[in-house]
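Hi,

Here is the structure I promised to pass on. Have a look at it first, and then read my notes underneath.

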Amino acid sequence: MEEPHRGIRALHTASTITVYQAYAPEIGVTAVRDSRFPSTWLRDRMTWIKPSFLWMMYRSNWGTSAGQETVLAVEITRAGFDWALRHACLSSYVRGLHPDRGTWQRELKRAPARVQWDPERDLHLRPLPYRSLQLGLSGEASSRYADDWIVSISDVTPLTNEIHALVRDGELDSATRLLPQEQGYPAGEELLAHLRP
């Protein structure tokens, strides 16, 4: 089945969606222990959540980048995720989708969430010809995420290390079997029409 050029692929249930983030251990380990982000987590800073496990691997270099050594799987409510999509703005201006650059800039400034479509990655972290969604949360969206949407927080650093080791050893079939089973997320057109160029 052909992948849509811009789509949300994610591990999801009828009521939740799993997104990934990577943090330094003092934030990540505490978040797993308490099932919420600690007070040192900066609410006033934009936080990016990624439904794609492999895109998180690319962004954190398999959890080896400084400050991203603890890879988290954050299960959040679909109602919250959908709210963020509904209130999001594309992070870049697109002629034809936005009336004009000024309108887009005003929308971006007001929006509590923003969307980027970045190339999905393969097991070698090379870009694929289709794109996956990255969702940036700030202000109200960031607070809702931290306080209302989180169902569970899991440390997937051991899984990250295991898959990475298999990739390094050329065991791609074994690595693929361990990947989260991401499928197309059923976001209706009304949720994505303003976000898809």
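Below is what I found, starting with the charged pairs and ending with one glutamine.

Please keep in mind that this is a predicted model.

**Salt bridges**

The structure has six salt bridges, and I'll go through three of them here. As a reminder, side chains of opposite charge can pair when their charged atoms come close.

Start with D147, since R36, R43 and D147 are joined in a network of salt bridges. In the R36–D147 pair, the closest N and O atoms are 3.5 Å apart. R36 sits in the loop between α1 (25-34) and β4 (47-49), while D147 belongs to helix α5 (residues 139-149), so this salt bridge ties together parts that are 111 residues apart in sequence.

The other arm of the network is R43 with D147, where the closest N and O atoms are 2.6 Å apart. R43 is also in the loop between α1 and β4, and D147 is in helix α5, so here the parts being tied together are 104 residues apart in sequence.

How buried or exposed are these residues? R36 is partly exposed, because its relative accessibility is 41%. D147 counts as partly exposed at 40%, and R43 counts as partly exposed too, at 36%.

Then there is the salt bridge between R126 and D122, with an N to O distance of 2.9 Å. R126 has a relative accessible area of 46%, so it is partly exposed. D122, on the other hand, has a relative accessibility of 16%; the cut-off for buried is under 20%, so D122 counts as buried.

**Q134**

Now for the glutamine. Q134 is in strand β8, which covers residues 127-137. With a relative accessibility of 2%, Q134 counts as buried, because that value is under the 20% cut-off.

What does the side chain of Q134 have by way of polar company? One of its polar atoms lies 3.3 Å from the backbone oxygen of S132.

And which residues does Q134 touch, once neighbours within four places in sequence are left aside? Q134 is in contact with W48, I49, K50 and W55, and also with R114, V115, Q116 and D118.

If you want somewhere to begin in the viewer, try D147 with its partners R36 and R43, then move on to Q134 in strand β8.

Cheers

Notes: Residues numbered from 1 in each chain as written. Predicted model: local features only at pLDDT ≥ 70, side-chain atom pairs only at ≥ 80, totals over all residues. Heavy atoms only, no water. Helix = DSSP H or I, 4+ residues; strand = E, 2+ residues; numbered from the N terminus. Buried < 20%, exposed > 50% of the residue type's maximum accessible area, 1.4 Å probe, protein only. Polar contact = N/O pair within 3.5 Å; in protein donor to acceptor, adjacent residues only side chain to side chain. Contact = heavy atoms within 4.5 Å. Salt bridge = Lys/Arg side-chain N within 4 Å of Asp/Glu carboxyl O.
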